[in-house]
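Hello,

Here is the structure we talked about. Please open it first, then read the notes below.

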Number of protein chains: 2
Amino acid sequence: MPRTLTSDPTTDTPSTEALAAACQRASRQVAQLPTAAKNRVLEAMADRLQAHEDAILDANARDLEYAQKHDISAAMVDRLELNPARIAKMADALREVASFEDPVGRMADVRRRPSGIEVGKMRIPLGVIAMIYESRPNVTADAAGLCFKAGNGVVLRGGSEAFHSNHAIADALHAALDAHDIPPAAITLLPTTDRSAITELIQCDESIDLVIPRGGEGLIRFVDTNSHIPVIKHYKGVCHLYVDRAADLDVAMRLLIDGKLSRQAVCNALETLLVHEDVADDFLPQAYETLDEAGVELRGCDRTQAALPDVTPATDDDYGAEFLGPILAVKVVGDYDAATNHIAQFGSNHTDVIATDDLPTARRFTREVDSSVVLVNASSRFSDGGQLGLGAEIGISTTKLHAFGPMGLDALTTEKFVVHGQGETRHDLSTLT
Amino acid sequence: MPRTLTSDPTTDTPSTEALAAACQRASRQVAQLPTAAKNRVLEAMADRLQAHEDAILDANARDLEYAQKHDISAAMVDRLELNPARIAKMADALREVASFEDPVGRMADVRRRPSGIEVGKMRIPLGVIAMIYESRPNVTADAAGLCFKAGNGVVLRGGSEAFHSNHAIADALHAALDAHDIPPAAITLLPTTDRSAITELIQCDESIDLVIPRGGEGLIRFVDTNSHIPVIKHYKGVCHLYVDRAADLDVAMRLLIDGKLSRQAVCNALETLLVHEDVADDFLPQAYETLDEAGVELRGCDRTQAALPDVTPATDDDYGAEFLGPILAVKVVGDYDAATNHIAQFGSNHTDVIATDDLPTARRFTREVDSSVVLVNASSRFSDGGQLGLGAEIGISTTKLHAFGPMGLDALTTEKFVVHGQGETRHDLSTLT
């Protein structure tokens, strides 16, 4: 059910292509803003969000009414619903982005070359980011703030269920841009949630530099198949905890509880537990007791079932499944290699954890496991931009180009080479003229 | 005219997909090799190239014979031809790659977070690189060496004109891999130069992580349009030299001569000269004299022609043209903004140069010009991996994802997060159980 800002067919709505091109023009101005100017605008965005609170809540009420009429799930309604506290949180997130170090202009690796030239790398914005997302209206403000701070333009395409909320939030952000003489096109929210707008958007390869789809695998595959713009792909988060024979079992239990019970519907929650056979008899019963009490169903291999008779058998589909809920696949492995081979076969290159006190095993695990975040004796739930020290996170990439893992401000920039000389040439000019 | 290793139709040639998958399996072994082991293999590759000199020259003679029969241009024959000195140079390039710092395993940005966990970033190989290139057989050894050193597998698809030479070189490299118990599939040369093999190769998105097409714009667009694997795009190198009003005109002349006369058919040669009106009458006559004497045709705007009556008028097509030969487009500009606007309109985001002694102007140029290499008072010909300090270069990207500008070993890797803890959890466990 697409929803559109201008339902009047006589109104001239600009094309998606024209909107993306306008965003690109505006982005050139954003790219050149000094850090202090960007921070003032981000603070102003935060203030305007709170000043527009009534309008945003009114718009949100319309979206909630629409949701009730269209039998949208309670979970989605919860994600959609705004209140003064949630608006304040959105505003605070923008103020926090203002406080982050500005990556743009940072010089790295500056050195003199034998020729005499001085070479360095300067961090620069990517240009225009297209962001496609669903339900949560706070993404509108979060993504706009991060892209803006990194000197980029952003074209936002939110879900139809949050249509009015997103536009009310965008209005507040635009008021802040306008007050600072920055073209509102720098933060463009598409005026329609028609699916064809996504198709149009991801074909604007003249003006858009990167597409970040945040949603289900279907959306990501659709964007990747239909676009020649680079796409940040975030597929499943099938996170493993491997309890090594040399694990501190108390630590392992902490990681299991935090990884499975602190929040189940997130991509950094645990989905599979691998246990070394030497510690299975010690570890599995206490794991079962705690998880069973918390309502988590365990599905295990033959050896798991031998240790825990009440456990359901695991099918092949259970390994590699992203349950996002109260199910955990369990496997007893004969050695370290069996554990890492299992992760290589069933993992999703997202986040994997080992519990071990053996240094060589820990070092092998960090080198050999091909995931964007590899943790030793720490919870998978730390796989998050904020927790890892990126400030905030615009998305997580589970493929290796152009970023791998949680993406912060740096991942919204690239580097160019800057060279200073005093008339150096590569050739002896006397041989050329 | 595709050429194929097995012309016998009864022979079972493995499919391109099977070859790419075998390369991926081999790449996992390469990814884990310690630096010293990789360096020993690179040295062995160099030694084998020289030991196989006769076989390589025989194969090259067959390619040259084929070229003569098929009226291939003298320039291409020159690029194709091998001799003992060129083989020695290829071997030395591999020995040089052995001497480069290994990016794999390098830890960066290691810091403690408030939660107690220690977070760092570890550089890791990308996986498998597909390299598509033409004529020069040395690319076979160069690309294989760089990809191997960065811990990747590589699938090479060389041009049909160098078919036998490329296979003879690959044989030498495989002998070195084999002697060190590394599967030869780690360096795979496709057994056919049929164009359909390119199409098959770039669709192996399960096994190939990055495609680097080195060739004309047609090849690059073909690969980009037909692949969903990330592609390094190197379009034109339309390099500008802007001679500012505050330029040291002797320096400007040095940059002009080196940039235009040292080598004309390369992507970092100058194609357009922009001159500030205040210095045009001083600079243009001497520029004309030097270039005219060297056989370079100048094509200029009205104001250039006013200063230099013998200059041909420049058409719109001349600005933005990659002449790769003895032609230079010239324009007199009224101010700095006119110069950088011209570069923004006609440039190719590759390499641009300013000659100026004015600090604020130099600083604006480095910030504002959106090219992968921006130089102040230094020749455009320094825009090269070796000159910039990358060691060697596998290609140049003129788009910003995943790398921008000349790409060395680092651009053949990515980073993952490595976290160490002592049982830290994100949540207070007492609230969870």
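**Helix 2 of chain A**

Helix 2 of chain A counts 17 residues and reaches 24 Å from its first C-alpha to its last, close to the 24 Å expected at 1.5 Å a residue. Bear in mind that this is a predicted model.

Its buried residues are Lys38(A), Val41(A), Leu42(A), Ala44(A), Met45(A), Ala46(A), Arg48(A) and Leu49(A). They pack against helix 5, helix 6 (138-149) and helix 7 (163-179) of chain A.

Take helix 5 (residues 84-99) of chain A. Helix 2 (residues 35-51) of chain A packs on helix 5 at about 175°, with the axes 8 Å apart. The two are therefore roughly antiparallel. On the helix 2 side, the contact includes Asn39(A), Leu42(A), Met45(A) and Leu49(A). On the helix 5 side, Ile87(A), Met90(A), Leu94(A) and Val97(A) are among the residues involved. The contact residues divide into eleven nonpolar, two polar and two charged.

**The sheet**

An open sheet of ten strands has mixed pairing. The order is 1(A)-2(A)-16(A)-13(B)-12(B)-7(B)-8(B)-11(B)-9(B)-10(B), with strands from chains A and B. Strand 1 (107-112) of chain A and strand 10 (312-313) of chain B stand at the edges; each has a single partner strand, so one side of each is left without a neighbour in the sheet.

Strand 1 of chain A pairs with strand 2 (residues 118-125) of chain A in the antiparallel sense, over four bridges. Ala108(A) has Lys121(A) in strand 2 as its bridge partner.

In chain B, helix 11 (residues 277-293) lies across strands 7, 8, 9 and 11. Helix 11 runs at about 145° to strand 8 (270-276) of chain B.

Best wishes

Definitions and conventions
Residues are numbered from 1 along each chain as its sequence is written. Chains are lettered from A and ligands numbered from 1 in the order in which they are written. This is a predicted model: local features need pLDDT of at least 70, side-chain atom pairs count only at pLDDT 80 or more; totals for chains, interfaces and linings use all residues. Two strands pair if DSSP finds at least two bridges between them. Two residues are in contact if their C-beta atoms, placed from the backbone, lie within 7 Å. Axes are lines fitted to C-alpha atoms, for helices over the stretch in contact, and angles run from 0 to 180 degrees between N-to-C directions. Angles under 35 degrees count as roughly parallel, over 145 as roughly antiparallel, 65 to 115 as roughly perpendicular and the rest as oblique. Ala, Val, Leu, Ile, Met, Phe, Trp, Tyr, Cys and Pro count as nonpolar, Asp, Glu, Lys and Arg as charged, and the others, Gly among them, as polar. The expected span of a helix is 1.5 Å times one less than its number of residues. A residue is buried if 20 or more other C-beta atoms lie within 10 Å of its own, exposed if 12 or fewer, and partly exposed in between; C-beta atoms are placed from the backbone.
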